[in-house]
Amino acid sequence: MSTAALAPTTVTLTIPGTLTTSSIAAVALPFSGKITSAWVAVTTAPAGSALTADLKVGSDVAAAFSIAAAGTNDQGTLTAANCDFVAGDVISLDVSAVGSGTAGAGMTVAFTVVQS
């Protein structure tokens, strides 16, 4: 049995169309691991105020995002204590604010995991 480390894996979740505060995308991964980085982007920038979202493992926030008004991407601020997951845990992208003028649209998150 090999003890070589597995290469990091990038997982993406997409929420198409205009975002609302009930927008969510989720996946259950078939392996255990740790989230090591996360980036989010939108195809339509929010206007008026920031767009905010969380990458969650279950109900715990693993990474928080804030895309400034007129911005299109953000690197997630990781909460290290919440980045570990086991096979079958639900990992979700949960939108909490969309901008106060024009809502952001076409959101994709890419997060890197290291399998354990």
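I'll start with one residue, Lys56, which is found in strand S4, residues 51–57. Keep in mind throughout that this is a predicted model.

Is Lys56 buried or exposed? Lys56 is buried, at a relative accessible area of 18%, and the cut-off for buried is under 20%. Its side chain makes a polar contact with the side chain of Asp94, at 3.0 Å. Setting aside residues up to four places away in sequence, Lys56 touches Val61, Ala62, Val90, Ile91, Ser92 and Asp94.

One of those residues, Ser92, deserves its own look. Ser92 lies in strand S9 and is buried, with a relative accessible area of 6%. Beyond the residues up to four places away in sequence, Ser92 touches Leu13, Ile24, Ala25, Ala26, Asp54, Leu55 and Lys56. Strand S9 runs over residues 90–98.

Now the chain as a whole. How many helices and strands are there? The protein chain has zero helices and ten strands. Along the sequence the pattern reads β-β-β-β-β-β-β-β-β-β. The radius of gyration is 15 Å, close to the 13 Å that the globule rule gives for 116 residues, so the protein chain is as compact as a globular protein of that length. The C-alpha atoms fill a box of roughly 55 × 25 × 20 Å along the principal axes.

On contacts, take those in the protein chain with a separation of 6 or more: residues 24 or more positions apart account for 76% of them. Of the 116 residues, 36% count as buried. The accessible surface comes to about 5,700 Å², and 57% of that belongs to carbon and sulfur atoms.

Next, the core. In soluble globular proteins, nonpolar side chains tend to be buried together. Here the largest nonpolar core has 30 residues, and the ones with the most contacts inside it are Ile35, Leu55, Phe65, Met107 and Phe111. Which elements give two or more residues to this core? They are strand S1 (9–18), S3, S4, strand S5 (60–67), strand S9 (90–98) and strand S10 (105–115).

On to the aromatic rings. The count comes to one aromatic pair. Phe31 and Phe85 form that pair, and the pair is tilted, with 6.1 Å centre to centre and 55° between the planes. Phe31 lies in the loop between strand S2 (24–28) and strand S3 (33–44), while Phe85 is in strand S8 (residues 84–85), so the pair ties together parts that are 54 residues apart in sequence. Both partners are buried: Phe31 has a relative accessible area of 17%, and Phe85 has one of 3%.

Three alanines are left.

The first topic is Ala70, in the loop between S5 and strand S6 (73–75). Most residues other than glycine have a negative phi. Ala70 has a positive phi of about 75° although it is not a glycine. At 67% relative accessibility, Ala70 counts as exposed.

Ala70 is also in contact with Ala45. Ala45 is found in the loop between S3 and S4, and Ala45 is partly exposed, with a relative accessible area of 22%. Leaving aside neighbours within four places in sequence, Ala45 is in contact with Ala70, Gly71, Thr72, Thr102, Ala103 and Gly104. How far apart are the C-alpha atoms of Ala45 and Ser59? They are separated by 27 Å, and the two residues are 14 residues apart along the chain.

Ala97 is the remaining case, and its place is in strand S9. At 25% relative accessibility, Ala97 counts as partly exposed. Ala97 and Ala53 are 44 residues apart in sequence and 7.0 Å apart in space, C-alpha to C-alpha. Outside its neighbours within four places in sequence, Ala97 is in contact with Thr21, Ala50, Leu51 and Thr52.

To go back to where I began: Lys56 in strand S4 touches Ser92, and Ser92 lies in strand S9. Both S4 and S9 are among the elements that give two or more residues to the largest nonpolar core.

Methods
Residues are numbered from 1 along each chain as its sequence is written. This is a predicted model: local features need pLDDT of at least 70, side-chain atom pairs count only at pLDDT 80 or more; totals for chains, interfaces and linings use all residues. Side-chain values use heavy atoms; hydrogens and water are left out. Helices (H or I, at least four residues) and strands (E, at least two) are DSSP runs, numbered from the N terminus. Buried means under 20% relative accessible area, exposed over 50%, partly exposed in between (1.4 Å probe, protein chains only). A polar contact is a pair of N or O atoms within 3.5 Å; within protein, one must be able to donate a hydrogen and the other to accept it, and residues adjacent in sequence count only if both atoms are side-chain atoms. Contact means heavy atoms within 4.5 Å. Rings of Phe, Tyr and Trp (its six-membered ring) pair if their centres lie within 6.5 Å; planes under 30 degrees apart count as stacked, over 60 as edge-to-face and the rest as tilted. A nonpolar core is a set of buried Ala, Val, Leu, Ile, Met, Phe, Trp, Tyr and Cys residues joined through side-chain atoms within 4.5 Å. The radius of gyration is taken over C-alpha atoms; the globule rule is 2.2 Å times the number of residues to the power 0.38. Accessible areas come from the Shrake-Rupley method with a 1.4 Å probe; for residues, only the protein chains shown count as cover.
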